[in-house]
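This report describes where charged side chains lie and how they pair. The sequence and structure are shown first.

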Amino acid sequence: MATARAIRQAYDLQFADLDLNLSEASLLAFVEESGSLTQTKLAERLGLGRAATGSVIDALESRGFVRRHPDPDDRRVWLVDVTASGKEMVE
């Protein structure tokens, strides 16, 4: 556990200049690479809980890096996309 915490802290320090943490950077890069995904799919792929993933999406959305929009195939579900600002951040 201590090793995992130390690794996470090292990554968080690397992303600090971008004002991101490891979870935010991982989600942003993953969506940019994979395209639109649901919160549930993102949680599964990133190994996070759905609630934790929702919090990460909320943080990125409030900064204009991602946006949610209805899934045209299932209106009960929201898709997450990277915005132009998010793509710049990934680069």
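A residue is called exposed when its relative accessible area is over 50%, buried when that area is under 20%, and partly exposed in between. The structure discussed here is a predicted model.

**A negative patch on the surface**

By this cut-off Glu91 is exposed, because its relative accessible area is 81%. Glu91 is placed in the segment that follows helix α5 (84-90). Together with Glu32, Glu33 and Glu88, Glu91 forms a negative patch on the surface.

**Salt bridges**

Other charged side chains are engaged in pairs. Across the whole structure, a search finds six salt bridges. Three of them are described here, among them the one between Asp19 and Arg63, whose N to O distance is 3.7 Å. Asp19 belongs to the loop between α1 (2-15) and α2 (22-34), while Arg63 belongs to the loop between α4 (50-62) and β2 (66-71), so this pair ties together parts that are 44 residues apart in sequence. Asp19 counts as exposed, because its relative accessibility is 55%. Its partner Arg63 has a relative accessible area of 31% and is therefore partly exposed.

A further salt bridge joins the side chains of Asp58 and Arg68, with 2.8 Å from N to O. Since Asp58 lies in helix α4 and Arg68 in strand β2, the pair ties together parts that are 10 residues apart in sequence. Arg68 also forms a salt bridge with Glu61, in which the closest N and O atoms are 2.7 Å apart. Through these shared partners, Asp58, Glu61 and Arg68 are joined into one network of salt bridges.

How exposed are the members of this network, Asp58, Glu61 and Arg68? The table lists the relative accessible area of each residue.

| Residue | Relative accessible area | Class |
|---|---|---|
| Asp58 | 41% | partly exposed |
| Glu61 | 30% | partly exposed |
| Arg68 | 23% | partly exposed |

Asp58 is partly exposed at 41%, Glu61 is partly exposed at 30%, and Arg68 is partly exposed at 23%.

**Summary**

The charged residues treated here include the negative patch of Glu32, Glu33, Glu88 and Glu91. They also include the salt bridge of Asp19 with Arg63 and the network of Asp58, Glu61 and Arg68.

Key
Residues are numbered from 1 along each chain as its sequence is written. This is a predicted model: local features need pLDDT of at least 70, side-chain atom pairs count only at pLDDT 80 or more; totals for chains, interfaces and linings use all residues. Side-chain values use heavy atoms; hydrogens and water are left out. Patches are made of residues with over 30% relative accessible area and no salt bridge: like charges are joined within 9 Å, nonpolar side chains (Val, Leu, Ile, Met, Phe, Trp, Tyr) within 5 Å. Accessible areas come from the Shrake-Rupley method with a 1.4 Å probe; for residues, only the protein chains shown count as cover. A salt bridge is a side-chain nitrogen of Lys or Arg within 4 Å of a carboxyl oxygen of Asp or Glu. Lys and Arg count as positive and Asp and Glu as negative; His and the chain ends are not counted. The place of a charge is taken as NZ of Lys, CZ of Arg, CG of Asp or CD of Glu. Helices (H or I, at least four residues) and strands (E, at least two) are DSSP runs, numbered from the N terminus. Buried means under 20% relative accessible area, exposed over 50%, partly exposed in between (1.4 Å probe, protein chains only).
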